[in-house]
Amino acid sequence: HVLKGEYGKEEKEFILEETRTYRIYRHMLQPFLESRRKAWMLVLGVLVLLFGSMAMPAFNLVPMKMLPFDNKNEFQLVLDLPEGTTLEETDAAVRAFEDYLATVNEVTNFQAYVGTASAMDFNGMVRHYYMRQGPNVADLRINLAHKSDRQQQSHAITLRLRDDLARIAERFGVNLKIVELPPGPPVIATLAAEIYAEPGVPYPDQVAAAKQVRERMLLEDRVRDVDDTVEYAQRRFVFIPDRGKAALSGISTGQIAETLALALGGEAVGTVHVPSERHPLNILLRLPLAERSSLAALEGLQLKGAGDVLVRLSELGKFIPESLEPTIYHKNLQRVVYVFGEMAGKSPVNAILNLSSHFKEQPLPEGTSVVWSGEGEWNITLDVFRDLGIAFGAALVLIYILLLIETGSYGMPMIIMGAIPLTMIGIMPGFWLLNLVMNRTVGGYDTPVFFTATAMIGMIALAGIVVRNSIILIDFIQHAVKRGLPLQDALVESGAVRLRPILLTAGAALLGNWIITLDPIFSGLAWSIIFGVFASTGFTLLVIPVVYWLIYGKQTRSHPS
């Protein structure tokens, strides 16, 4: 149907040398085939571009991360108030957060858990949120409108709300953590510093070292939600009875213990059956909160002694304050203090490198050390990129073996595989340009496009895709040489003949991956393939023929071995 307009027309003789494609391609390639100096300059320029592209992540030009943020329909607020905070004070802080969340358009509903942990999920299990108990802790589970009903992704929403939530937290003295569900395996925190101490170093010295790490982490750009596992110093009052006075009054130490237990903990003395309640309600007898929180009120309690004489508790002993032992964490049988942090609008790789270099220049006190590759995202990032690098190397070896079997030459596969590193010239600068175009500021925070593990997988996939261009070109070159063409003419003819098919297949690959860029998780894979195919295709049409000519240009027209 498309070609029916051509029916019946006289076919003109096809002369390759007269086509525009041939003339343009010859004009581009010929200067490098006429001068070995220019050819080597081209190769050197490509190597400079390659190493420059590979160095871009080291100069923070391409932000890196294990996995990008997913577009979820929920997020969580984890609230920690100072130890000793009452349940009522914690509830008041939670209500302030609720009042604010009720004004956010994307929030459909939320559920608060005060003094206890929320329902456990996979993320909460890894972060140990299910163990949170006490009057000073709270969780807020927030549900958002469906992703199809809102313009911003969930991560952008949390960035937009972050500063407002932080102001509320500061007003109530809350240590706030905004928790997003990860698209992959969760970690205990994005940034996790483990502070260890050598045997014999007191635990307070280890805590002091952790305090230094925390203070430095607070100064790092875009590090938020900093917290540690150090507990505030707490004390309790223990009543020490005077056994002699108690015996003279006819009161046993058991009676004293029962009286204090009843006053502080209470005792169920009956039940009330209410028709509207499913379970019976216990009648709990104990002192009011104000009186059981006061030593003077407790000392004023009276116990019945011998002869029904009432004796004040203060006459039977006294309250002695004592310090509570702090909770000490251990890992691999070593004492450890954790310092946690989260990132907002910046790559965690940059923060880790800055922090680790700082403590190399300014070490912690003698006998203490900090480890960054433990429980945080840095550890899993190193492991995943290391494994993917090994997989990439294995893929290159297998491709070389296949080409070796096909060509029967040890050098020819290296020329063919030269198209693979050329993908880096497109991938890293492509992500840099992508951040220049697509990075938006939300709530004062950047939303960069990260080079993630999925982008690395796309780079590995490219190794098997881009070599097809080299194979096609070299196959045509060798066939042209066998027909008796001079090598330079064979190089130009092969590139001109295969130029349009190569560009068409590259364009098909670009369009086929374009739709994947809409997915927040696998967009990195698609962008890697798009940028890599674009750059490799362009450079392959120029670099591979020039390298082939540099190696085999001085040989005869016979087929190279």
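What follows is a walk through the overall dimensions of the chain and the surroundings of a handful of its residues.

The structure is a predicted model, in which local features need pLDDT of at least 70 and side-chain atom pairs count only at pLDDT 80 or more, while totals for chains, interfaces and linings use all residues. Residues are numbered from 1 along each chain as its sequence is written, and side-chain values use heavy atoms, with hydrogens and water left out.

Starting with the big picture, the protein chain carries 17 helices and 17 strands; these are DSSP runs numbered from the N terminus, with H or I over at least four residues for a helix and E over at least two for a strand. The radius of gyration comes out at 36 Å, whereas a compact globule of 561 residues would sit near 24 Å. That value is taken over C-alpha atoms, and the globule rule is 2.2 Å times the number of residues to the power 0.38. Along the principal axes, the C-alpha atoms fill a box of roughly 130 × 60 × 40 Å.

As for packing, 44% of the 561 residues count as buried (buried is under 20% relative accessible area, exposed is over 50%, and partly exposed is in between, using a 1.4 Å probe and protein chains only). Contacts (heavy atoms within 4.5 Å) often span long stretches of sequence: among those between residues at least 6 apart, 76% join residues at least 24 apart. The exposed area of the protein chain is about 30400 Å², with carbon and sulfur atoms supplying 59% of it; areas come from the Shrake-Rupley method with a 1.4 Å probe, and for residues only the protein chains shown count as cover.

On the charge side, there are 50 positive and 57 negative side chains, and the centres of the two sets lie 8 Å apart. Here Lys and Arg count as positive and Asp and Glu as negative, with His and the chain ends not counted; each charge is placed at NZ of Lys, CZ of Arg, CG of Asp or CD of Glu.

Three buried residues make a handy tour of the interior. Gln76 is part of strand β1 (residues 74-80) and counts as buried because its relative accessible area is 2%. The Gln76 side chain makes a polar contact with the side chain of Asp139 at 3.3 Å. A polar contact here is a pair of N or O atoms within 3.5 Å; within protein, one must be able to donate a hydrogen and the other to accept it, and residues adjacent in sequence count only if both atoms are side-chain atoms. Beyond residues up to four places away in sequence, Gln76 touches Ser118, Tyr129, Asp139, Leu140, Arg141, Lys177, Ile178 and Val179.

Val94, in helix α3 (residues 87-101), is buried at 1% relative accessibility. Setting aside residues up to four places away, Val94 touches Leu79, Ala112, Val114, Ala138 and Leu140. From Val94 to Ile352 there are 258 residues in sequence and 32 Å in space, C-alpha to C-alpha.

Thr454 belongs to helix α15 (residues 453-482) and, at 5% relative accessibility, also counts as buried. The Thr454 side chain makes a 2.8 Å polar contact with the side chain of Thr452. Outside its neighbours within four places, Thr454 is in contact with Leu67, Ile521, Phe522, Gly524 and Leu525.

The loops bring a few backbone oddities. His128, between α4 (122-127) and β3 (137-144), has a positive phi of about 65° despite not being a glycine; with a relative accessible area of 40%, His128 is partly exposed. Asp308, in the loop between β10 (302-304) and β11 (310-312), is another non-glycine with positive phi, near 60°, and counts as exposed at 59% relative accessibility.

Two further loop residues round things off. Glu366 lies between α11 (348-361) and β15 (368-371) and is exposed, with a relative accessible area of 80%. The C-alpha atoms of Glu366 and Ala209 are separated by 9.5 Å, with the two positions 157 residues apart along the chain. Arg440 occupies the loop between α14 (422-438) and β16 (441-442), and its side chain reaches the backbone oxygen of Val437 at 2.5 Å. Apart from neighbours within four places in sequence, Arg440 is in contact with Tyr445, Asp446 and Thr447. Arg440 and Glu170 are 270 residues apart in sequence and 27 Å apart in space, C-alpha to C-alpha.
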